[in-house]
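Student: I have a protein model on my screen. Can we work through it with short questions?
Tutor: Yes. Here it is.

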Amino acid sequence: MKKKLFKLAFLAMLIIAAGSISNTASAQVYVTVRPAWHEVEHRPVAPGPRHIWIGEEWEARGGHYVAVGGHWALPPHPGWVWIPGHWAREHRGEYWIAGHWARR
């Protein structure tokens, strides 16, 4: 009986995990008109010489894109560079590909 209950619990966890993976994969937000962009007029002073400025990016929230402010950040490893985000297009519309760190 305990073995059967354990197998059932394990199967339930697998189903929940699979559902969360598929929800994450389908969370892409597509637009036919890009949201209006507004540049940040004031960039604060860098907290240190190794900090890199990461400019404003778009973030999908509630089915639409909102601008998230720029900020200073330390590279995760020495010599890494920040690759800014960009828009991409496919048959369903345009979507934002977030910026990321990369090896030089």
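Student: In which sense do strand 6 and strand 7 pair, antiparallel or parallel?
Tutor: Keep in mind that this is a predicted model. Strand 6 covers residues 86–90 and strand 7 covers residues 93–97. A hairpin with 2 residues joins them. Their 5 bridges run in the sense called antiparallel.

Student: How far does the predictor trust the protein, in mean pLDDT?
Tutor: Confidence varies along the chain. It is lowest in helix 1, at a mean of 48, and highest in strand 8, at 97. Of the residues, 71% reach 70 or more. The mean pLDDT of the protein is 80.

Student: Over which residues does pLDDT stay under 50?
Tutor: Look for a stretch without partners beyond four places in sequence. The model has 0 such contacts there. The stretch is residues 17–26.

Student: Which residue in strand 7 stands opposite Arg89?
Tutor: The two side chains also form a salt bridge, with the closest N and O atoms 3.6 Å apart. Arg89 is exposed, because its relative accessible area of 65% is over 50%. Its opposite residue in strand 7 is Glu94.

Student: Is Glu94 itself buried or exposed?
Tutor: Buried means under 20% relative accessible area. Glu94 has 7%. So Glu94 is buried.

Student: Which residue completes a network of salt bridges with Arg89 and Glu94?
Tutor: Find the residue whose salt bridge with Glu94 has its closest N and O atoms 2.8 Å apart. It lies in the loop between helix 1 and strand 1, while Glu94 lies in strand 7, so the pair ties together parts 60 residues apart in sequence. At 44% relative accessibility, it counts as partly exposed. The residue is Arg34.

Student: Which residue meets Arg61 in a salt bridge?
Tutor: The N to O distance is 2.7 Å. Arg61 is partly exposed, at 42% relative accessibility. Its partner is partly exposed too, with 35%. That partner is Glu59.

Student: Now the rings. How are Trp82 and Trp101 arranged as an aromatic pair?
Tutor: By the pairing rule there are 6 aromatic pairs. In this one, the ring centres are 5.3 Å apart and the planes meet at 75°. Planes over 60 degrees apart count as edge-to-face. So the pair is edge-to-face.

Student: Why does that pair tie together separate parts of the sequence?
Tutor: Look at where each ring sits. Trp82 lies in strand 5 and Trp101 in strand 8. So the parts they tie together are apart in sequence by 19 residues.

Student: Which residues form one aromatic cluster with Trp87 and Trp96?
Tutor: Trp87 and Trp96 pair edge-to-face. Trp87 is buried, at 16%, and Trp96 is buried, at 12%. Their cluster also takes in Trp58 and Tyr65.

Student: Which elements give two or more residues to the largest nonpolar core?
Tutor: That core has 8 residues, including Trp58, Tyr65, Trp87 and Trp96. Val29 and Val31 belong to it as well. The elements asked for are strand 6 and strand 7.

Student: What is the bridge partner of Trp58 in strand 3?
Tutor: Strand 2 and strand 3 run antiparallel, joined by 5 bridges. In their hairpin, Gly62 takes a positive phi near 60°. The contacts of Trp58 beyond four places in sequence include Pro35, Trp37 and Val66. Its bridge partner in strand 3 is Ala67.

Terms used:
Residues are numbered from 1 along each chain as its sequence is written. Side-chain values use heavy atoms; hydrogens and water are left out. Two strands pair if DSSP finds at least two bridges between them. Helices (H or I, at least four residues) and strands (E, at least two) are DSSP runs, numbered from the N terminus. pLDDT is the predictor's confidence in each residue, from 0 to 100. Contact means heavy atoms within 4.5 Å. Rings of Phe, Tyr and Trp (its six-membered ring) pair if their centres lie within 6.5 Å; planes under 30 degrees apart count as stacked, over 60 as edge-to-face and the rest as tilted. Buried means under 20% relative accessible area, exposed over 50%, partly exposed in between (1.4 Å probe, protein chains only). A nonpolar core is a set of buried Ala, Val, Leu, Ile, Met, Phe, Trp, Tyr and Cys residues joined through side-chain atoms within 4.5 Å. A salt bridge is a side-chain nitrogen of Lys or Arg within 4 Å of a carboxyl oxygen of Asp or Glu.
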